[in-house]
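Got your viewer open? Let's take a walk through this one, one selection at a time.

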Amino acid sequence: MDDAEDLKIELYDLISSDHKIFELLYTSSLDGIWYWDTEQDTEWVSPEWWERLGYGPDEHPYLAEKWRELFHPDDVERIVEAFQSHSEDPNHPYDHVVRYLHKDGSTVWTRCRGIGIRNEHGKVTRMLGSYVDVTAFKKIEQQLRETNERLARLNLEDPLTGVLNRDGLMRRFEEYVLICQRQELPLSIAFLDIDNFKGINDKYGHLIGDDYLVSIANCLQATQRATDKVARLGGDEFVIVMLDTDEEQAKCAAERIRRAVQDSFGHAGGITVSIGLVSMSIPEAVNHQGHDLNILYLLNQMISVADNAMYESKRLGKNTVSLGNLEDW
């Protein structure tokens, strides 16, 4: 037997012979320990853990029939299942993170570990376990998750208006093309340019102009269906991708957008939108490309056709909708 094993045995002997050694170990490395008589359903929990939950030495709230009240309701079933699994199979670890409820109602995230002590028939008659408060780690984890989500949104969203940016547009367009391929659905794109926007910037300055862009983006989003996605390409140019929308439906949607912007902003320096549309089906796109579908190429071509149609709306006097032709590719 090596020296390390000798020391381990020596430590075990010390723990069994001197309770101060045991107390040192659990108070310095754990936040609490528990010992449960599963037959009588009584439990001893170290005072330090009750204090961690906000209870004084004379108000330990444990009662067998009310133990569930100490935990978040969503965790109770998982706790029961973990005990049952460990009882049936000693190799199944009793080790999970649960939410205790502090006396003040707050959450104490807790790593709860235990081991079953079995009789000669293998039945668990006692459970010995430990508590470690991991609330601080959970808060850090949540902060990191929120930061990552925020960074992900920043990578896909226009920082000024909150609608999709070019990368976000590309990702959503790719998703929609795949849906249209599988389900043989039409897809449409609207290209919007704000009429007379330069006059707003020249008269009031770019900060006011930015406020208008945000308001107009909000108007576009409020006018769309949940599956329609708005993106800002830059400046005062927006694109809307419309899933399962053919040419006639796209024209109706574009007219709805045009009227909404005119009604909301037409009084403010003649702010309206000129809109260009293009609609397609996936078979049409493949035929035009003449090769395997290149989604980035397809998006750029659809935007180009819709952009040309938007300039036709400008030529016709602004505040109107024009339809691009796939043959223009």
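Is Glu141 buried, partly exposed or exposed? Click on it: with a relative accessible area of 37%, Glu141 is partly exposed. Keep in mind along the way that this is a predicted model.

**Stop 1: a pair on one helix**

Stay with Glu141 and add Lys138 to your selection. Their side chains meet in a salt bridge, 3.2 Å from N to O. Both sit in helix α5 (residues 135–156), three residues apart, or about one turn of the helix. Lys138 is partly exposed too, at a relative accessible area of 23%. Side chains of opposite charge can pair like this when their charged atoms come close. In total, the structure holds 20 salt bridges.

**Stop 2: pairs that reach across the sequence**

Now select Arg52 and Asp133. They form a salt bridge whose closest N and O atoms are 3.3 Å apart. This one links distant parts of the chain: Arg52 belongs to helix α3 (residues 47–52) and Asp133 to strand β5, 81 residues apart. Arg52 counts as partly exposed at 35% relative accessibility, while Asp133, at 19%, counts as buried because the cut-off for buried is under 20%. Add Asp31 as well, and you have a network of salt bridges linking Asp31, Arg52 and Asp133.

Next, try Glu39 with Arg126. In this salt bridge the closest N and O atoms are 4.0 Å apart. Glu39 lies in the loop between β1 and β2 and Arg126 lies in strand β5, so the pair ties together parts that are 87 residues apart in sequence. Both ends are partly exposed: Glu39 has a relative accessible area of 47% and Arg126 has 25%.

**Stop 3: the sheet**

Switch to a cartoon view and look for β5 among its neighbours. In which order do the five strands of the open sheet run? The order is β2-β1-β5-β4-β3, with antiparallel pairing. At the edges stand β2 (42–45) and β3 (94–101), each with a single partner strand, so one side of each is left without a neighbour in the sheet. From one strand to the next, the twist averages 25°.

Zoom in on β4 (residues 107–118) and β5 (residues 124–133), which pair in the antiparallel sense over nine bridges. To see one of the matches, select Ile115 and its bridge partner in β5, Leu128. Then bring up helix α4 (residues 73–88): α4 lies across β1 (32–37), β3, β4 and β5, running at about 155° to β3.

**Stop 4: the nonpolar cores**

Nonpolar side chains tend to be buried together in soluble globular proteins. Here, the largest nonpolar core has 28 residues, and those touching the most other members are Leu192, Ile194, Leu220, Phe238, Ile275 and Leu277. At least two residues each come from β6 (187–195), α7 (197–204), α8 (206–223), β8 (237–243), α9 (247–265) and β9 (272–280). Of these, α9 gives the most, with seven residues.

Centre the view on Phe238. Leaving aside residues up to four places away in sequence, its contacts include Val163, Leu192, Leu213, Leu220 and Val230. A second, separate core of 26 residues includes Phe173, Cys180, Val239 and Ile303.

**Last stop: the cysteines**

How many disulfides does a search of the whole structure find? Zero. Finish by selecting two cysteines to compare: Cys112 counts as buried at 6% relative accessibility, whereas Cys252 is exposed, with a relative accessible area of 52%.

Definitions and conventions:
Residues numbered from 1 in each chain as written. Predicted model: local features only at pLDDT ≥ 70, side-chain atom pairs only at ≥ 80, totals over all residues. Heavy atoms only, no water. Disulfide = S-S within 2.5 Å. Buried < 20%, exposed > 50% of the residue type's maximum accessible area, 1.4 Å probe, protein only. Pairing = 2+ DSSP bridges. Helix = DSSP H or I, 4+ residues; strand = E, 2+ residues; numbered from the N terminus. Axes fitted to C-alpha atoms, helices over the stretch in contact; angles between N-to-C directions. Contact = heavy atoms within 4.5 Å. Core = buried A, V, L, I, M, F, W, Y, C linked by side-chain atoms within 4.5 Å.
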